[in-house]
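Me: I would like a close look at a single part of this chain. Please pick one helix and follow its contacts outward.

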Amino acid sequence: MSVSLAPLLCFASGFALVSLGWSRREPLAIDLLLRASLSVGFGFGIFSVEYFVCRAFSRTNLLAVDLAVLALLAAALFFRSRFLSARSQETKTQGLDERPVWFRRTVAAAFVFALFAAIYLAIQRVRIYPSGDGWDAFAIWNLHARFLFLGGSQWRDGFTALLPGSHPDYPLLLPAAIAHFWSYFAHDDPRIPSAIGFAFTFATAGVLFAALAFLRGRVAAMIGTIVLLSTPSFIEQGTAQYADVPLSFFFLACVVLLCLGGEERERSSSGLLALAGVAAAFAAWTKNEGLLFLCALAFARVAILARRRTRTALASEISTIPLLAVLVPALLLILYYKHFVGVPGDLFSSPSASLHRLLDSARYWAVIKWYVKGFFRFGHWFLLPVSLLLLALALTTSRDISLARQPGSRTAVFAMALTLGGYFLVFLITPYDIYWHLRFSLLRLFLQVWPATVFLVLSNVRTTSAPNA
Amino acid sequence: MLRDAARPSQIQPSANERRTEQRFSALKAALPERGVIGYVGEPGADAMGDYYWAQYALAPLVVEHSPNHRLVVGNFVSTSAARPAFENLHLARDFGNGVLLFSNEDAR
């Protein structure tokens, strides 16, 4: 099979899926950037699910399946544009940025510098660590990809309790996407995991830039992207072939789509909310933390809508149906994997011991201390924690609460808060040594929510360019 | 970020990377394509990384960190370290670079 066909099919599938739920916006260049950036991650998600389903049901003609899925998406897209065109005409005008020219030029120069520095560093790291930087890359994600690709009909053998350190309960978005590309290449080329990590890293930056450009203008978009790309740990993790940056991509995508969906008229927001659900589903298929986020999202959405007593509440509830509906097949897929392929994880292996740990106040104090320390340190910044600057920005600048009042934005904030709370709970009950667990995972967990946090803070800061809806 | 970045002339793939595939390539050819084999290596938590590199290189074989298998891979990365003796394991072949293949007749 042609090597160039794989990225083309992957991106085209993602683009078709994103376009299915999309309402076109102005300016077109930003619209295309956002759609293209979302399509990168959604394409990997589709490729991953296709590969896993083919593996699970012993289907070998992968190209036919890829083409069939793309054809189905394209047909749905054609039907939508042909018969539902009125719904896709939703556009949004963006005012010009009125800040001084010197300020805009300085920010633009810093943005270009940060972008090229990040690309330079990422390329260097890909060359130095072609099979990833750190334990999880070769002991978990790429190892699972190898079992999927090289295991033949006995691929399930690799997901065994004999290899507890490989965490055979971890979901398969990343390994199955890698294995899918390897199938086109006909060998386990180590450049594929590197390329996927690189693509997720810069697609995350693309989503952040384009979404902020829509909601708050290009200066805010550039500032947000500078904050993200000048976070050293983001580039390090993105090129380490871990799953944390892909997960951060889907968290950000979900939050952005919820907020954009909230800005639309209720009638046309259902497509964007369905895409937000797809992003949450892919997050759950990426890491167990994504499963926590999916549950947090469903709970947050239902809880927020349940509290509304206005006439528009019913319309919001109807538009929520697609969001919740797309979570069902994702949960079924994950349940199938967890039940028939993976082995049970060790986190909830002993409920009585978990309860005992939950009642230990010293553990609460330990996690709080590490949360505070981690807040300043997770970015590996030089001298000044940018997280502190972002907090100062959020507290000292005037806020445009029009977006924050939208149910989509409120759902996003609530879901992220619940997710962070869930992480806290997991540290309390962890069967591992608590300090070991905090040391090796807390900073990465903070990084998972970092792009979405940057977006939520900057999208609520009042700018002169932003239309006050 | 740029302060910590390596100069282009200094870029070399990491040592683990280069060594693992080379070290295990001959052994892989001598092993069955699938199934479960055992593993013995140097003691200590740091050596767990060596074990997972070996598992990565030998996949789709499942390499259990245990000598209780008919075929057992020995992985001794530190050439200076004295290799411990393993009861019931008989050296079948030395592939060099600290990679050994043992047989265990007592295993199931």
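Reply: What follows is a walk along helix α6 of chain A, and then out to its surroundings. The model is predicted.

Start with the helix itself. α6(A) covers residues 173-185, 13 in number. From first C-alpha to last it reaches 19 Å, close to the 18 Å expected at 1.5 Å a residue. A186(A) follows the helix, and its phi is positive, near 65°.

Next, burial. Twelve of the 13 residues of α6(A) are buried, so the helix is largely enclosed by the rest of the structure. Among the buried residues are L173(A), L174(A), P175(A), I178(A), H180(A), F181(A), W182(A) and Y184(A).

Two of these, L174(A) and I178(A), line the second largest cavity. A general point helps here. An α-helix has 3.6 residues a turn, so residues three or four places apart point the same way. The structure holds three cavities of 30 Å³ or more. The second largest contains about 50 Å³ of space. Its lining also includes N142(A), P193(A), I196(A), G197(A), Q241(A), Y242(A) and P246(A). Both α6(A) and α7(A), residues 191-229, supply at least two lining residues each. α7(A) gives the most, with three. By class, the lining has six nonpolar residues, three polar and no charged.

Now the aromatic side of α6(A). The structure holds 43 aromatic pairs over all chains. One of them joins F47(A) and Y184(A): the ring centres are 6.2 Å apart and the planes lie at 10°, so the pair is stacked. F47(A) sits in helix α2 of chain A, residues 28-56, and Y184(A) in α6(A), so the contact ties together parts that are 137 residues apart in sequence. Both rings are buried: F47(A) has 0% relative accessibility, and Y184(A) has 2%.

A further pair involves α2(A) and the loop that precedes α6(A). F52(A) and W155(A) are edge-to-face, 6.1 Å centre to centre, with 85° between the planes. F52(A) is in α2(A), while W155(A) is in the loop between α5(A), residues 135-150, and α6(A). The two are 103 residues apart. F52(A) and W155(A) are both buried.

Finally, the wider cluster. F181(A) and Y184(A) of α6(A) belong to one aromatic cluster with F42(A), F44(A), F47(A), F200(A), F249(A), F250(A) and F282(A).

In short, α6(A) is a largely enclosed helix. Two of its residues, L174(A) and I178(A), help line a cavity, and Y184(A) stacks on F47(A) of α2(A).

Terms used
Residues numbered from 1 in each chain as written. Chains lettered and ligands numbered in written order. Predicted model: local features only at pLDDT ≥ 70, side-chain atom pairs only at ≥ 80, totals over all residues. Heavy atoms only, no water. Helix = DSSP H or I, 4+ residues; strand = E, 2+ residues; numbered from the N terminus. Expected span 1.5 Å × (residues − 1). Buried < 20%, exposed > 50% of the residue type's maximum accessible area, 1.4 Å probe, protein only. 1 Å grid on protein atoms, 1.4 Å probe; cavity = no way out; pocket = protein on both sides within 12 Å on 5 of 7 lines; lining within 4 Å. Points joined across faces, edges and corners; volume = space filled by probe spheres on them. Nonpolar A, V, L, I, M, F, W, Y, C, P; charged D, E, K, R; others polar. Phe/Tyr/Trp six-rings, centres within 6.5 Å; stacked < 30°, edge-to-face > 60°.
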